[in-house]
Amino acid sequence: MTSSPSSSAQHSRSLAARIGRWSTRNRGKAIAGWLVFVAIALFIGSAVGTVTPSDDNSGHGDSATADRIVDNAYPDRAGETVLVQAPAESGTTARDPAFRATVNDVVKGVSGQPGVVGVKSPYGAGNTGQISADGRSALVTFDINGDSDLAEKRVDAVENAVKAAGDQHPAMFVGQFGDASADKALNKAFGDDFAQAGMLSIPVTLIILVLTFGALVAAGVPLLLGVTAVVGTIGLLGPISHLVSLNDFINEVVLLVGLAVGVDYSLFYLRREREEKARGHSAKDAVAIAAATSGRAVLISGVTVITAMAGMLLAGDSTFTALGIGAMLVVFVAMIGSVTVIPALLSGSGKWMERGRIPFLGKRMSAARTRDIDSGGRAWNFVLDRVLRHPVVSVVSATALLLVMASPVLHMHTADSGTEAIPRSLPIMKVYDKMQAAFPGGEIPAEVVIKAKDVTSPKITAAVKQLKRDAIATGQVKEPVDVTVSADKTVMQISLPILGTGTDKASNDALATLRGEVVPKFADAAGTKAYVTGMTAGSKDFNDLMKSRWPIVFGFVLSLAFLLLMMTFRSIVIPVKAIVLNLLSVGAAYGVLTWVFQDGHGEKLLGFQSTGSVTSWLPMFLFVILFGLSMDYHVFILSRVREAFDRGMKTEDAVAHGIKTTAGTVTSAAVVMVAVFGIFATLSYLDFKMMGVGLATAILVDATLVRAVLLPATMKLLGDWNWYLPRWLEWLPSLGHEASVAVAAPVPSEEAEAAQDRELIPA
């Protein structure tokens with residue numbers, strides 16, 4: 001006896017179908033359970049708090065060793081500098097009484113503030129290096145005791161004192177820059193940026209979904225799932241942060257990934273359920289079919305995406321580990337929410353989903369669903385018909401275009417963007433730029449660190465004097481050279497202001513000279529090991545780490561993705577092709593990033609100044625995120641293709657059917673992602689502009705050239721070879737499909753079926 005698609009779906013043994021049946025039978029429990037989970041997660045997260053490292057200990061190589069030595073030798077402190085500068089046209093110099101009075105008021109103002117120690121006036125003995133060569137600029141330096149959080153609180157009073165001194169001498173420029181003051185200003189600027197991105201991303205997503213569904217309630221479901229998944233995940237990260245060091249940036253990654261997959265997975269479910277209703281199935285049968293098909297695709301996609309995100313755990317960097325944990329967790333939460341809450345919301349008549357229908361638009365969308373039930377609309381039909389008619393031309397043309405887009409990657413240069421990534425419109429950066437102009441390298445020095453029983457011994461003292469002479473003689477190091485000794489005289493820091501911006505060629509050349517020639521000579525003379533740290537050294541060491549780790553991360557992600565797809569679709573051709581197509585998307589994104597940001601072709605449009613590089617953390621991050629998100633579409637589309645193939649369609653017909661029926665969903669999901677990622681391209685911080693452009697480009701390319709052209713064309717050319725699996729691999733377990741929701745299946749009794757489902761999820 002042959003059962004109908006709805007009957008087969010109603011009794012499907014797949015995990016997704018069983019979860020869907022439980023949710024529809026226990027609608028109240030499923031919805032309430034999800035809301036309770038989110039509330040509890042948020043409560044726990046708020047109760048225990050989220051711990052972020054007070055200091056950045058994520059360095060690598062020699063710079064990290066030096067940083068650890070310094071951290072252990074000195075009490076927590078934040079270095080601060082105040083610049084006093086006379087106008088160029090005034091002729092005033094540091095020798096004039098008005099200038100000296102300004103400096104004295106600054107020294108007096110900061111000296112009595114809580115936590116301020118080690119105030120050094122440019123007029124103090126041995127501090128002549130704190131006066132610029134032209135005599136019109138001088139520096140007052142001091143430290144604020146306390147870790148980064150405490151120093152950031154204490155710096156308010158210090159800034160007020162500096163401002164008061166400046167107000168007393170309006171003819172002079174008085175500005176402050178340092179660890180605590182910069183952290184405070186940048187945290188506020190970035191917080192404002194992210195608040196703006198969050199406020200924009202949600203309404204933009206809602207507008208796109210309203211245009212997709214034509215009804216406010218239906219549009220709100222995917223958005224609600226995405227937002228609650230993000231909120232629940234952020235709550236769970238609270239207790240996790242007490243076990244694993246988490247980065248401040250993790251919430252933004254959770255928001256990006258959570259909205260993307262939450263909306264994707266909901267769309268997969270909702271569009272399939274509506275499609276089946278349009279075919280004439282009852283509401284109950286439509287939900288059952290959606291659970292057995294799109295629900296399974298969501299589970300497979302979720303596992304694949306989590307696997308890709310796990311690649312960040314192998315990057316060898318604590319920041320990547322934190323971001324990987326956040327991304328994996330939000331994908332898991334969104335996946336669970338999709339296969340439990342969505343079926344519960346859709347159960348019953350489902351008519352409430354049509355509430356809030358937009359006049360004209362709602363009726364038009366409903367009519368379009370009925371008209372285009374087996375197609376993606378006229379535009380997609382137009383493209384796909386021609387692609388399948390001319391597959392060779394399509395493959396060659398699309399591949400050539402993607403390779404052209406990717407070609408700039410051949411000269412990609414990665415580096416820490418450093419202070420150059422920070423918008424120059426910020427007052428704190430205007431002070432920084434003035435300091436750099438008057439004292440090149442003073443705020444981004446190379447730090448030489450040594451540890452010995454007594455770093456003040458005559459031997460080491462003589463070696464330090466020679467180090468100063470040798471460093472300045474290179475022409476790549478400038479005054480003032482500052483020497484700091486720990487209280488127990490076991491650790492010494494020698495600050496060498498180097499040329500450049502900290503991460504450009506001039507700075508890296510200076511670092512190479514120090515590490516290759518000057519510092520080894522010093523270490524031999526001092527009789528102890530010497531390490532070089534600072535912004536330039538840290539950037540170089542991190543860049544080297546990324547280069548050494550990318551084969552491991554790429555290999556892990558590609559290998560596991562291959563295995564998962566092979567077991568899902570019972571083919572070795574499908575995973576190979578998926579990997580190649582995804583790499584083309586990633587390559588195109590890398591090429592656009594290089595062309596726009598490194599080569600500077602997007603400066604005016606996006607409002608930035610090129611640093612001549614792509615920030616060093618971004619390529620690996622983009623690869624992992626993009627590979628995972630691209631698999632969403634791939635698994636969803638191929639699931640429909642395989643489903644049609646299993647029902648007896650030829651491969652070519654199954655490809656056309658699968659892509660046309662998923663075209664609307666893929667388009668809607670891609671538009672949401674591109675819009676949300678594009679918002680990040682409008683932020684002021686250069687690294688996030690790069691991330692937004694890279695993500696948006698790759699998703700756009702993936703949803704158009706790859707999914708609409710290369711995927712169908714290559715499947716048409718390969719024919720039944722798409723499903724080739726060698727006999728010696730047939731023993732592998734299957735993660736994929738039942739033969740089809742339309743194939744006959746023995747119908748178990750209601751009692752037996754319910755018992756099976758209770759084994760999965762207790763009622």
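**Surface, a kinked helix and salt bridges in a predicted model**

The accessible surface of the protein amounts to about 30900 Å², and carbon and sulfur atoms account for 62% of this area; accessible areas come from the Shrake-Rupley method with a 1.4 Å probe, and for residues only the protein chains shown count as cover. The model is predicted: local features need pLDDT of at least 70, side-chain atom pairs count only at pLDDT 80 or more, and totals for chains, interfaces and linings use all residues. Residues are numbered from 1 along each chain as its sequence is written, and side-chain values use heavy atoms, with hydrogens and water left out.

The protein contains 24 helices and 10 strands. Helices (H or I, at least four residues) and strands (E, at least two) are DSSP runs, numbered from the N terminus. Of the 763 residues, 56% count as buried. Buried means under 20% relative accessible area, exposed over 50%, and partly exposed in between (1.4 Å probe, protein chains only). Among contacts (heavy atoms within 4.5 Å) with a separation of 6 or more, 80% are made by residues 24 or more positions apart.

Helix 17 covers residues 505-526. The expected span of a helix is 1.5 Å times one less than its number of residues. For the 22 residues of helix 17 this gives 32 Å, and the end C-alpha atoms are 29 Å apart, which agrees. Helix 17 has a kink of about 45°, centred on Leu 514; the bend at a residue is the angle between axes fitted to the seven residues ending there and the seven starting there. Leu 514 is itself among the buried residues of the helix, which also include Ser 507, Leu 511, Val 518 and Phe 522. The buried residues of helix 17 pack against strand 6 (446-451), helix 16 (458-473), strand 8 (491-496), strand 9 (530-533) and helix 18 (535-569). Gly 527 follows helix 17 and has a positive phi, near 75°.

Helix 17 is also joined to helix 18 by a salt bridge, in which the side chains of Arg 515 and Asp 541 meet at 3.0 Å, N to O. A salt bridge is a side-chain nitrogen of Lys or Arg within 4 Å of a carboxyl oxygen of Asp or Glu. The two residues are 26 residues apart and link distant parts of the chain. Arg 515 is partly exposed, with a relative accessible area of 25%, whereas Asp 541 counts as buried at 9%.

A search of the whole structure finds 18 salt bridges. Side chains of opposite charge can pair when their charged atoms come close. In one such pair, the side chains of Lys 184 and Asp 156 meet at 2.4 Å, N to O. This pair also links distant parts of the chain, with Lys 184 in helix 7 (residues 179-213) and Asp 156 in helix 6 (residues 148-168), 28 residues apart. Lys 184 is partly exposed at 29%, and Asp 156 is partly exposed at 33%. Both belong to a network of salt bridges together with Glu 159.

A nonpolar surface patch of about 450 Å² is made by Val 36, Ile 40, Phe 43, Ile 44 and Val 48. Patches are made of residues with over 30% relative accessible area and no salt bridge; like charges are joined within 9 Å, and nonpolar side chains (Val, Leu, Ile, Met, Phe, Trp, Tyr) within 5 Å. Phe 43 lies in helix 3 (residues 27-48) and counts as exposed, at 60% relative accessibility.
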